Amino acid sequence: IYPPNTSVLFEKSSQRPGPFTYRMVASATTSAAFETQANTQGAEGYAYKGPLTVGGTSYDLYAKDGSKYAVFSYKTAVLNPADSLATVVAAINVEGAKGYYWFGPMNFSASATTYSIYYKGNYVCPPLGGCSTPDGL
């Protein structure tokens, strides 16, 4: 829960000059809806950054680095908090072997189940060259 007056923190790096654009879309209520939403945004170069509540409404925030050419793909998997540490790490490593980063756990309003969110950045070269490097936007 955030306090009533929340500040927004921005970061600027000479390694990532931008420009950056952001999108906020209504929060997904199921894992399937999240996958559809995140993959649609990811296909347009927007990386999922996390949930954000504004004016009492929940949104999912996406960011795009205009200096990079990338698309992102997402998938979810049930994360059973009752599993042992070894079981959870093994499941995360299975997806890691497929090239997916573990974003973190997420719950959706339509279910009490916790899910792991995974993403993959596919960096493509622009038509005139100068490829981007993976940095997880």
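**Figure 1. Tyr-74 and its neighbours in the predicted model.** This close-up comes from a predicted model, and it centres on Tyr-74 and the residues that Tyr-74 touches beyond four places in sequence. From the stretch around helix H1 (31-43), those contacts include Glu-35, Ala-38, Asn-39 and Gly-42. Further along come Tyr-46, Ala-47 and Tyr-48, and then Ile-117, Tyr-118 and Tyr-119. Tyr-74 also belongs to the largest nonpolar core, a set of 15 residues, where Tyr-74 and Phe-34 touch the most other members. Who else feeds this core? H1, S2, strand S4 (70-78) and strand S6 (114-123) each put in at least two residues. As a general backdrop, nonpolar side chains in soluble globular proteins tend to be buried together.

**Figure 2. Helix H1, one side in and the other side out.** Helix H1 takes in residues 31-43, 13 residues in total. At 1.5 Å a residue they should span 18 Å, and the end C-alpha atoms are indeed 18 Å apart, so the length agrees. Which residues of H1 are buried? They are Ser-31, Phe-34, Gln-37, Ala-38, Gln-41 and Gly-42. These residues cover an arc of only 130° around the axis, which puts them on the same side of H1. Look to the other side of H1 and you find Ala-32, Thr-36 and Ala-43, which are exposed. After the helix comes Gly-45, with a positive phi near 90°.

**Figure 3. The three-stranded sheet and the helix across it.** Here we have an open sheet of three strands in the order S1-S3-S2, with antiparallel pairing. Strand S1 (20-26) and strand S2 (47-54) are the edge strands, each pairing on one side only. Ignoring direction, neighbouring strands of this sheet are turned by 30° against each other on average. S1 and strand S3 (residues 57-65) run antiparallel and are joined by seven bridges; in one spot to look for, Tyr-22 has Ala-63 in S3 as its bridge partner. H1 lies across S1, S2 and S3, and runs at about 30° to S3.

**Figure 4. The S2-S3 hairpin and Gly-50.** S2 and S3 form a hairpin with two residues between them. Gly-55 sits in the turn and has a positive phi of about 60°. Seven bridges join these two antiparallel strands, and Gly-50 finds its bridge partner in Leu-61 of S3. Is Gly-50, a residue of strand S2, buried or exposed? With a relative accessible area of 7%, Gly-50 is buried, because buried means under 20%. Setting aside residues up to four places away in sequence, Gly-50 touches Tyr-59, Asp-60, Leu-61 and Phe-103. The C-alpha atoms of Gly-50 and Asp-60 are separated by 5.8 Å, though the two residues are ten apart along the chain.

**Figure 5. Two loop residues, Tyr-69 and Thr-113.** Tyr-69 has its place in the loop between S3 and S4. At 41% relative accessibility, Tyr-69 counts as partly exposed. Its C-alpha atom is 7.2 Å from that of Gly-45, and the two residues are 24 apart along the chain. Gly-45 is the positive-phi residue that follows H1. Now for the other loop: Thr-113 is found between strand S5 (101-107) and S6. Thr-113 is partly exposed too, at a relative accessible area of 29%. Leaving aside neighbours within four places in sequence, Thr-113 is in contact with Val-78, Met-106 and Asn-107. The C-alpha atoms of Thr-113 and Thr-30 are separated by 9.8 Å, with their positions 83 residues apart along the chain.

**Figure 6. Helix H2, and the chain it belongs to.** Helix H2 covers residues 85-97, again 13 residues. The expected span at 1.5 Å a residue is 18 Å, and the end C-alpha atoms are 18 Å apart, which agrees. Gly-99 follows H2 and has a positive phi, near 95°. Zooming out, the chain has two helices and six strands, running β-α-β-β-β-α-β-β from the N terminus on. Of its 137 residues, 29% count as buried. Among contacts with a separation of 6 or more, 64% come from residues 24 or more positions apart.

Note on methods:
Residues numbered from 1 in each chain as written. Predicted model: local features only at pLDDT ≥ 70, side-chain atom pairs only at ≥ 80, totals over all residues. Heavy atoms only, no water. Helix = DSSP H or I, 4+ residues; strand = E, 2+ residues; numbered from the N terminus. Expected span 1.5 Å × (residues − 1). Buried < 20%, exposed > 50% of the residue type's maximum accessible area, 1.4 Å probe, protein only. Arc of directions from axis to C-beta. Pairing = 2+ DSSP bridges. Axes fitted to C-alpha atoms, helices over the stretch in contact; angles between N-to-C directions. Contact = heavy atoms within 4.5 Å. Core = buried A, V, L, I, M, F, W, Y, C linked by side-chain atoms within 4.5 Å.
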